[in-house]
Amino acid sequence: MNQESRIITPAQFDRRSFLRRTGGLLSGAAIASAIDPSKFAHGAAASEEIKIALIGCGGRGSGAAGQALSTFNQGPVKLVAMADVFEDRLKSSLGNLQKQHNERVDVKPENQFIGFDAYKKAIALADIVILATPPGFRPMQIEEAVKQGKHIFTEKPVATDAPGVRTVLAAAAEAKKKGLKIGVGLQRHHQKGYIETIKRLQDGAIGDLHTLRAYWNGATPWVKKRADLEKSAGRKLTEMEYQMRNWYYFTWICGDHIDEQHIHNLDVINWAKGFKYPVKANGMGGCEVRKGADYGEIFDHHAVEFEYEDGSRCFSQCRHIVGCWNSVSEHAQGSKGKSDISRHTISPTEGEAWRHKNEGDKDAYQQEHDDLFDAIRNNKEFSELEYGAMSSMTAILGRMATYSGVEVSMEKALKEGKSLMPPTLAWDADMPVKPGPDGMYPRAIPGTWKPY
Ligand SMILES: NC(=O)c1ccc[n+]([C@@H]2O[C@H](COP(=O)([O-])OP(=O)(O)OC[C@H]3O[C@@H](n4cnc5c(N)ncnc54)[C@H](O)[C@@H]3O)[C@@H](O)[C@H]2O)c1
């Protein structure tokens, strides 16, 4: 179904005030005259202003916009448009960015867009777009930005299901043809310690990597309780509104924490393996402790064994249970030694051990924007989307393995994995995942849940 026809204006907004706030729909001619899509495809002079749009004005989006604006020492930058589904999120982000970045923030009321299709209008006004909504929406937004010929900084993960990954891979190929520069918020790729360590691993410092481990075992993240949300709204929320506010706990929009969070560690392993991806996975998981209606449908722990084509394996754990052993790290065992990749150490069985010394290394969140804007201004090749998509798919493969309990093939998962997205994006949509009479959401049951 055409995405455009699935998008419905939020039911609780009066249409006239909605159009006033969103500046109305831009006509095709207005979009075309707002920006020449090829303007920066082949490099931007240092004196040229790069216009930025922020889509998804939450915590990370506001941070990423700040980092993009902090590249001003390379040349002028301005935040010119913002889009969010919730007006309160946009306004609070805008207020904070104005305080921190003054005249580099110039988002006129008519360039503040609200709603499910707001992203299209904001993209139209920019040279580069920052995509920082929850990940379920990312494929359609990446596809649109590439269609409009814009450079992209997209947060991770870039999808929550296999059809989404396929959309992103197609967009990545199209973006390359157009010369677009795309950064993905897997910031370890811009962290000196990781870069130096992985370079040594790929140069054979510990021989062939045969056993890898990845962990994101830690605290449980924020939760937005339905009762609190309805109290502050002074009314009942529709199911879509509730799931959008409490997005972390719904797989279609979050991907489960194996995708939303543990992707960082799985991506490091794929990178260490030379941008190779697992061919199959088996695993187990469930929801043992974090129970209750406000914790939706995701698991609180996953343990997965990924197998690569060369027979090497990655053992992965991610857990959101308080009071347990915690670790956020990546490790490699090779035929000639071992490495704690996350601590940037290499310990060969023979010869000298090595450790990266952090000598004022730049914050990776800032460095990734410095590198992306440098690529835009100097027309350097810069495309992180393909590995961003395949690392997202690695996490999705792991989730398919833990939800199903069976061995899942990457090839089949990527080809046949089903869409989790609601068929309609509207505040009154009939949601594919609904609470039962007791308010609890159904969870995947291993042994019963089918991966494809
Ligand atoms: N790279 C990192 O280390 C890192 C750290 C934190 C978050 N993230 C990623 O950033 C993304 C956002 O996370 P966050 O913590 O900022 O969440 P958040 O809830 O604070 O912000 C998300 C924003 O997107 C808005 N939104 C939701 N759907 C939208 C849509 N269809 N169109 C426009 N706006 C929409 C929400 O209203 C909200 O303002 C996630 O993918 C997360 O995984 C990455």
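Strand S2 (residues 77–84) runs parallel to S3 and pairs with it over three bridges, where strands and helices are DSSP runs of at least two residues (E) and at least four residues (H or I) respectively, numbered from the N terminus, and two strands pair if DSSP finds at least two bridges between them. The model is predicted, and for that reason local features need pLDDT of at least 70 and side-chain atom pairs count only at pLDDT 80 or more, while totals for chains, interfaces and linings use all residues. Residues are numbered from 1 along each chain as its sequence is written. The chain is assigned a domain 1 (3–188) and a domain 2 (193–360 + 384–416), with bounds that come from an automatic or database domain assignment.

**The six-stranded sheet**

- The pairing of S2 with S3 places Ala83 opposite Phe113 in S3.
- These strands belong to an open sheet of six strands with parallel pairing, in the order S3-S2-S1-S4-S5-S6.
- Strand S3 (112–114) and S6 are the edge strands, each with a single partner strand, so one side of each has no neighbour in the sheet.
- From one strand to the next the twist averages 15°, angles being taken from 0 to 180 degrees between N-to-C directions of lines fitted to C-alpha atoms, for helices over the stretch in contact.
- H15 packs on this sheet, touching strand S1 (50–55), strand S4 (128–131), strand S5 (151–154) and S6, and its direction makes about 170° with that of S5.

**Tyr365 in helix H15**

- Tyr365 lies in helix H15 (residues 364–378) and counts as partly exposed because it has 17 C-beta neighbours inside 10 Å; a residue is buried if 20 or more other C-beta atoms lie within 10 Å of its own, exposed if 12 or fewer, and partly exposed in between, with C-beta atoms placed from the backbone.
- Leaving aside residues up to four places away in sequence, Tyr365 touches Gly63, Gln67 and Gln187, contact meaning that the C-beta atoms of two residues, placed from the backbone, lie within 7 Å.

**Helices H7 and H8**

- Helix H8 (residues 162–178) has 17 residues and should span 24 Å at 1.5 Å a residue, which agrees with the 24 Å between its end C-alpha atoms; the expected span is 1.5 Å times one less than the number of residues.
- Among the buried residues of H8 are Val165, Val168, Ala171 and Ala175, and the cover over its buried residues includes helix H7 (138–147), strand S6 (182–184), helix H16 (385–404) and helix H17 (410–416).
- Just after H8, Gly179 takes a positive phi of about 75°.
- Eight of the 10 residues of H7 are buried, including Arg138, Met140, Ile142 and Glu144.

**Where the domains meet**

- Contacts link 22 residues of domain 1 to 26 residues of domain 2.
- On the domain 1 side, H8 and S6 are the elements that give two or more residues, and H8 provides the largest share, seven residues.
- The residues on that side divide into 15 nonpolar, three polar and four charged, with Ala, Val, Leu, Ile, Met, Phe, Trp, Tyr, Cys and Pro counted as nonpolar, Asp, Glu, Lys and Arg as charged, and the others, Gly among them, as polar.

**The nine-stranded sheet**

- An open sheet of nine strands with mixed pairing has the order S14-S13-S12-S11-S7-S10-S9-S8-S15.
- Strand S13 (residues 345–348) and S14 run antiparallel and are joined by two bridges, with Thr345 opposite Arg355 in S14.
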